[in-house]
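Here's a quick briefing to read alongside the coordinates. Pull the model up in your viewer and keep it handy.

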Amino acid sequence: MATVLCSPPVSMPAASTASSPLSMRRTTKVHPIVSITVGHASKEQQLFAPAVDAFAPCNGSGGVVEQIESTKKAARRRPSMLVIPVVPEASETPAGWGVVVAEKEAEVEVEGEGFCLASRRGARHANEDAYCAITHKVRADSQLAFYGVYDGHGGRAAVDLVSERLGKNVVAAVLATTEPQEAAAVASSSVDATAATIRATYLATDSEFLGQGLRGGSCAATALVKDGDLYVANLGDCRAVMSRDGTATALTSDQTAARGDERARIKSSGGYVSCGTNGVWRVQDCLAVSRAFGDASLKRWVISEPEITRHTLTAGCEFLVLASDGLWNKVSNQEAVDAVSRSNNSGRDNSAGCCKELVDMARSRGSRDDITVMVVDLKRFT
């Protein structure tokens with residue numbers, strides 16, 4: 001029996017109604033010289049306002065009063081239509097529109113089977129982070145589990161699909177690869193087969209997203225536990241850090257344009273990497289990460305080939321921290337491990353408290369990004 005827990009897709013709320021709380025209502029302002037079309041082609045709604053040249057007196061054209069009179073006459077011939085547009089649900093807010101959002105930041109805390117999580121929205125209008133956790137009993141003496149943290153960019157389209165599909169695809173493919181084989185065959189080939197399966201599933205999930213013609217992309221850090229082995233894969237700057245006897249060990253390497261080997265790969269493929277005045281390296285002057293799901297316009301250089309490592313779980317392996325870069329940009333690997341260890345030793349009832357503490361730590365140090373932290377208990381697998 002499988003247990004699946006994924007973060008639900010997030011969309012902007014629909015336009016306000018009389019019963020909507022003020023904090024979630026959209027407000028609009030009518031400006032001169034405005035013609036905005038929103039919605040689908042079959043349901044266009046437009047906002048028109050008369051144009052007035054405020055500099056007419058300087059241009060000798062008769063002044064503002066004559067223009068207003070002229071506008072009134074034109075209005076009698078063809079009255080202008082004033083329609084207050086309704087922003088469709090799940091669409092981006094058009095430029096120049098005011099949006100009032102809840103003052104309290106959106107927060108998520110989860111306590112699951114063998115893991116806990118905390119996520120907090122940054123300065124964006126919606127949290128573009130997501131997560132997934134899947135536990136699957138294979139036999140009485142073994143267990144298969146999958147955990148993932150995802151960081152979207154350019155909207156939620158990619159992160160919604162990846163958080164919904166990747167974990168399920170990996171688990172289904174791994175089960176299909178191992179279950180029919182004999183025990184001897186599994187012992188000799190399952191390690192390479194499992195890593196190859198994870199790689200193929202990453203690539204297939206990316207192709208699935210690209211096939212939908214949607215914009216945006218997503219980074220990822222995932223962990224698959226299978227028969228005492230831990231397989232960690234990543235794209236972009238989400239990171240996985242393990243505590244081994246209290247010492248932090250990074251199991252992933254951030255795939256960004258700042259890495260020398262990644263810059264060399266991109267240049268050899270005909271791309272270029274530049275470093276801005278803020279010291280951030282970017283692919284094609286655009287994206288800081290060098291590997292990700294999606295990003296169709298940069299796919300030649302921003303590939304979806306994951307880096308995968310395998311680790312045998314032993315008695316000293318305590319827990320795993322999976323987190324988006326909103327944490328790692330402000331908190332070191334060892335600081336994260338120390339915070340979780342202190343929380344575990346304190347005997348507090350709320351296991352998600354350690355994740356929330358890390359989120360608070362990053363935010364107090366100035367992180368304005370979305371922050372998602374998942375802590376996985378590894379002792380249950382040893």
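What follows is a short lead, then bullets by topic.

This is a predicted model, so to speak plainly about the ground rules: local features need pLDDT of at least 70, side-chain atom pairs count only at pLDDT 80 or more, and totals for chains, interfaces and linings use all residues. Residues are numbered from 1 along each chain as its sequence is written, and side-chain values use heavy atoms, with hydrogens and water left out. The protein comes to eight helices and 19 strands, where helices (H or I, at least four residues) and strands (E, at least two) are DSSP runs numbered from the N terminus.

**Confidence**

- The mean pLDDT (the predictor's confidence in each residue, from 0 to 100) is 78, and 68% of the residues reach 70 or more.
- Residues 12-65 stay under 50 in pLDDT, and the model has 82 contacts for them beyond four places in sequence; a contact means heavy atoms within 4.5 Å.
- Residues 71-105 also stay under 50, with 52 contacts beyond four places in sequence.
- Where pLDDT is low, the predicted coordinates should not be read in detail.

**Overall packing**

- Buried residues make up 44% of the 382 residues; buried means under 20% relative accessible area, exposed over 50%, and partly exposed in between (1.4 Å probe, protein chains only).
- Take the contacts between residues at least 6 apart in sequence: 65% of them join residues at least 24 apart.

**The six-stranded sheet**

- Six strands make an open, antiparallel sheet in the order 6-7-19-18-12-13, with strands counted as paired if DSSP finds at least two bridges between them.
- Strand 6 (107-112) and strand 13 (247-250) are the edges, each with a single partner strand, so one side of each has no neighbour in the sheet.
- On average, neighbouring strands of this sheet are turned by 15 degrees against each other, direction ignored; axes are lines fitted to C-alpha atoms, for helices over the stretch in contact, and angles run from 0 to 180 degrees between N-to-C directions.
- At one edge, strand 6 and strand 7 (residues 115-120) run antiparallel and are joined by six bridges, and glutamate 107 has arginine 120 of strand 7 as its bridge partner.
- At the other edge, four bridges join strand 12 (residues 239-244) to strand 13, again antiparallel, and serine 243 has alanine 248 of strand 13 as its bridge partner.
- The hairpin of strand 12 and strand 13 has two residues between the strands, and aspartate 245 takes a positive phi near 55 degrees there.

**Helix 8 and its surroundings**

- Helix 8 lies across strand 6, strand 7 and strand 19 (371-377), at about 30 degrees to strand 7.
- Glycine 353 lies in helix 8 and counts as buried at 10% relative accessibility.
- The C-alpha atoms of glycine 353 and glutamate 111 are separated by 9.6 Å, although the two residues are 242 apart along the chain.
- Aspartate 360 and lysine 356 meet in a salt bridge (3.3 Å, N to O); they are four residues apart in helix 8 (residues 353-364), about one helical turn.
- Both ends of that pair are partly exposed, with aspartate 360 at 30% and lysine 356 at 29%.
- A network of salt bridges links Glu107, Arg120, Lys356 and Asp360.

**Charges elsewhere**

- The whole structure has 18 salt bridges, each a side-chain nitrogen of Lys or Arg within 4 Å of a carboxyl oxygen of Asp or Glu.
- Lysine 299 and aspartate 206 form one of them at 3.4 Å, N to O. Lysine 299 sits in the loop between strand 16 (293-294) and strand 17 (307-312) and aspartate 206 in helix 4 (residues 183-210), so the pair ties together parts 93 residues apart in sequence.
- Aspartate 206 is buried, at 3% relative accessibility.
- Glutamate 262 and arginine 291 form another, with the closest N and O atoms 3.0 Å apart. Glutamate 262 is in helix 5 (residues 260-268) and arginine 291 in the loop between strand 15 (281-283) and strand 16, 29 residues apart.
- Glutamate 262 is buried at 2%, and arginine 291 is buried at 10%.

**A buried arginine without a salt bridge**

- Which side chain of opposite charge is nearest to arginine 263? That is aspartate 261, 7.8 Å away, and arginine 263 is buried yet has no salt bridge. For charge, Lys and Arg count as positive and Asp and Glu as negative; His and the chain ends are not counted.
- Arginine 263 is in helix 5 and touches Ala257, Ala258, Val273 and Trp281, not counting residues up to four places away in sequence.
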